[in-house]
Amino acid sequence: MAIVNLSGVRKSYGSLSVLKDVSLAVERGTVVALVGRSGSGKSTLLRCINGLERINAGEIVVDGRRVEQNEATLRALRQEIGIVFQSYNLFPHLTVERNVTLALSLVKKMSTAEGHAIAERVLNQVGLGDKIGAYPEQLSGGQQQRVAIARSLAMSPKVMLFDEVTSALDPELKEEVLRVMEGLAREGMTMILVTHEMDFARRVANEVVFMHQGKIHEQGPPSRLFVEPATPEFRQFISSAIN
Amino acid sequence: MRSFNPNDILFLAQAALWTIALSLIAFFGGGIVGAILALWRISTLRVLRMVASGYIQIIQGMPLLIQLFIWYFGLNLLGMDLPALMAAAIALTLYSSAFFAEIWRGSIEAIPKGQWESAASLGLSRFEMLGYVIIPQALRLALPPTVGFMVQIVKNTSLTSLVGFVELARAGQLVNNVTFQPLPVFACVAVIYFSTCFPLSILSRWLERRTHGHRQPVRSA
Ligand SMILES: Nc1ncnc2c1ncn2[C@@H]1O[C@H](COP(=O)(O)OP(=O)(O)OP(=O)(O)O)[C@@H](O)[C@H]1O
Ligand SMILES: [Mg+2]
């Protein structure tokens, strides 16, 4: 049974139809890379999975739980799903440690000591154990993004969503974030990531999903997809992405 | 006619206590009502948003003086005998609440949407998001305009003289009427107003620095 299952998902903003009948099954422990042109609906798809956007039709099921727009369901669901954004969205008024432990104490009702132990573990995992007392503004973009990943990991999610998490970073800083993500993939984390890093997708993803005009246009393992793209749209996308 | 003497200054200082008392009523009354209104303005419930925004529009669209008259003379005409202090307290509270509410709503809405989204994605409830993520950041933004409006309130309390309060401005007039020495009298009044408002600005600057005290050195493991 897939851990994330979308069937017949539709989403529109007013008269603009952004997702048109999207169905996708993500197996436990796999990495799915969503690629496609700007505006093709990648972020929207990701945001529907943890209920940040309300879908107009179809169904999304995560770990056996239907994504519905009521507070109790969403709260429970979001503990199972981590999401990392392009703009990090760390809480600037809190230390790195408090960023990581806030939800642990509020949502999981953990003690300060339990929270601290988890914060140390996840921060070490992303290579930032020494920044536990820092404030976000004292960190580089790459470090902030790794804290954001640690903050999600602290909740022990079953699925992690990444929306272009390296797009705002300089090339040298991209690498450190991608390395952390690759480590997660190796440890068996189920990941759905929107990315423009084609090399990364090729290397790490089990499945590449090409979105075009609100639909899944082409999909398959990177070894096949990148070597012999079936549709002209995807072929064109790859050649423009590489240049 | 007599000259401006130390007793007059004492009289002015006592009147200033009314100015301060009325201001404090407006700060606390208006602050509490304003905070509730600000939360209503950003509520997910449409009806609360509409009630709050209607209220704010009405209050902001009416001079404070007219509101004082309504509560004092208007209700007295209807047979309700509202003492001047009560009328002034109600008028100042309602008036300030509308402005505080708008200042605070603006500060809350100035916090980037990503902060709400990442807090929601961690499973926080709406109240937790507000209390732990949004409001602590909004407070800092709200501080300067809030203090600015508080200074306005201190000065606006002079309007209560028209429903019978002998507060600082009215006291200055009275002293001037018997001494005919407007320059020293009103200079003294001005100094007292200033020394009431200035600590507010100092406090604000101090708080601003404190809430931004993030720049302590990084603790290393
Ligand atoms: N809140 C919104 N209101 C209205 N339209 C929106 C909203 N969010 C997204 N859209 C529109 O939906 C379409 C898909 O947006 P989406 O962000 O999912 O694209 P994307 O594939 O992530 O693009 P990019 O690569 O630029 O991030 C776009 O046309 C966008 O303008
Ligand atoms: Mg996007």
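This report describes a predicted model, taking in turn the ligand site, a helix beside it, the salt bridges, a nonpolar surface patch and two loop residues.

## The surroundings of ligand 1

The shell around ligand 1 holds 13 residues, and those that come nearest are Ser38(A), Gly39(A), Lys42(A), Ser43(A) and Thr44(A). Sorted by class, this shell is made of 7 polar, 3 nonpolar and 3 charged residues. Two elements of chain A, the strand β2 (16-26) and the helix α1 (42-49), each supply at least two residues of the shell, and α1(A) gives the most, with 3 residues.

Several polar atoms of the protein lie beside the ligand. In the side chain of Thr44(A), an N or O atom is 2.5 Å from an oxygen atom of ligand 1, while Gly39(A) places a backbone N or O atom 2.8 Å from an oxygen atom of the ligand. The contact of Tyr13(A) involves a nitrogen atom of ligand 1, which lies 3.4 Å from a polar side-chain atom of that residue. Taken alone, the ligand exposes 630 Å², of which the protein buries 59%.

## Helix α1 of chain A

The helix that gives the most residues to the ligand shell is also largely enclosed by the rest of the structure, because 7 of its 8 residues are buried. The buried residues of α1(A) are Lys42(A), Thr44(A), Leu45(A), Leu46(A), Arg47(A), Cys48(A) and Ile49(A). Of these, Lys42(A) and Thr44(A) are also named among the residues that come nearest to ligand 1. After the helix comes Gly51(A), which has a positive phi, near 75°.

## Salt bridges within and between chains

Over all chains, the count comes to 18 salt bridges. One of them ties Arg47(A), a buried residue of α1(A), to Glu53(A), with the closest N and O atoms 2.8 Å apart; both partners of this pair are buried. Arg47(A) and Glu53(A) also belong to a network of salt bridges in which Lys11(A), Lys113(B) and Glu117(B) are linked with them.

A further salt bridge is formed between Arg75(A) and Glu128(B), whose closest N and O atoms are 2.8 Å apart. The pair joins two chains, since Arg75(A) lies in helix α2 (residues 71-80) of chain A and Glu128(B) in helix α6 (residues 126-156) of chain B. The two partners fall into separate accessibility classes: Arg75(A), with a relative accessible area of 22%, is partly exposed, whereas Glu128(B), with 12%, is buried.

Within chain B, Arg105(B) and Glu109(B) form a salt bridge in which the closest N and O atoms are 2.8 Å apart. Both residues lie in helix α4 (residues 84-109) of chain B, where they are 4 residues apart, about one turn of the helix. Here the arginine is the buried partner, as Arg105(B) has a relative accessible area of 17%, while Glu109(B) counts as partly exposed at 49% relative accessibility.

## A nonpolar patch on chain B

Ile32(B), Ile36(B), Leu39(B), Trp40(B), Leu45(B), Val47(B) and Val51(B) make a nonpolar surface patch of about 620 Å². The elements that give two or more residues to this patch are the helices α1 (6-41) and α2 (46-60) of chain B, and the largest share, 4 residues, comes from α1(B).

Leu39(B), one of the patch residues, is found in helix α1 of chain B. Its relative accessibility is 34%, so Leu39(B) counts as partly exposed.

## Two loop residues of chain A

Lys108(A) is placed in the loop between the helices α3 (96-106) and α4 (112-125) of chain A, and with a relative accessibility of 29% it counts as partly exposed. Along the chain, Lys108(A) and Phe210(A) are 102 residues apart, and their C-alpha atoms are separated by 36 Å.

Gly188(A) has its place in another loop of chain A, which runs between the helix α6 (171-186) and the strand β8 (190-194). With a relative accessible area of 39%, Gly188(A) is partly exposed. Its C-alpha atom is separated by 26 Å from that of Gly141(A), a residue 47 positions away along the chain.

Key. Residues numbered from 1 in each chain as written. Chains lettered and ligands numbered in written order. Predicted model: local features only at pLDDT ≥ 70, side-chain atom pairs only at ≥ 80, totals over all residues. Heavy atoms only, no water. Near = heavy atom within 4 Å. Polar contact = N/O pair within 3.5 Å; in protein donor to acceptor, adjacent residues only side chain to side chain. Areas by Shrake-Rupley, 256 points an atom, 1.4 Å probe, with all protein chains shown as cover. Nonpolar A, V, L, I, M, F, W, Y, C, P; charged D, E, K, R; others polar. Patch = residues over 30% accessible without salt bridge, like charges linked within 9 Å, V, L, I, M, F, W, Y side chains within 5 Å. Salt bridge = Lys/Arg side-chain N within 4 Å of Asp/Glu carboxyl O. Buried < 20%, exposed > 50% of the residue type's maximum accessible area, 1.4 Å probe, protein only.
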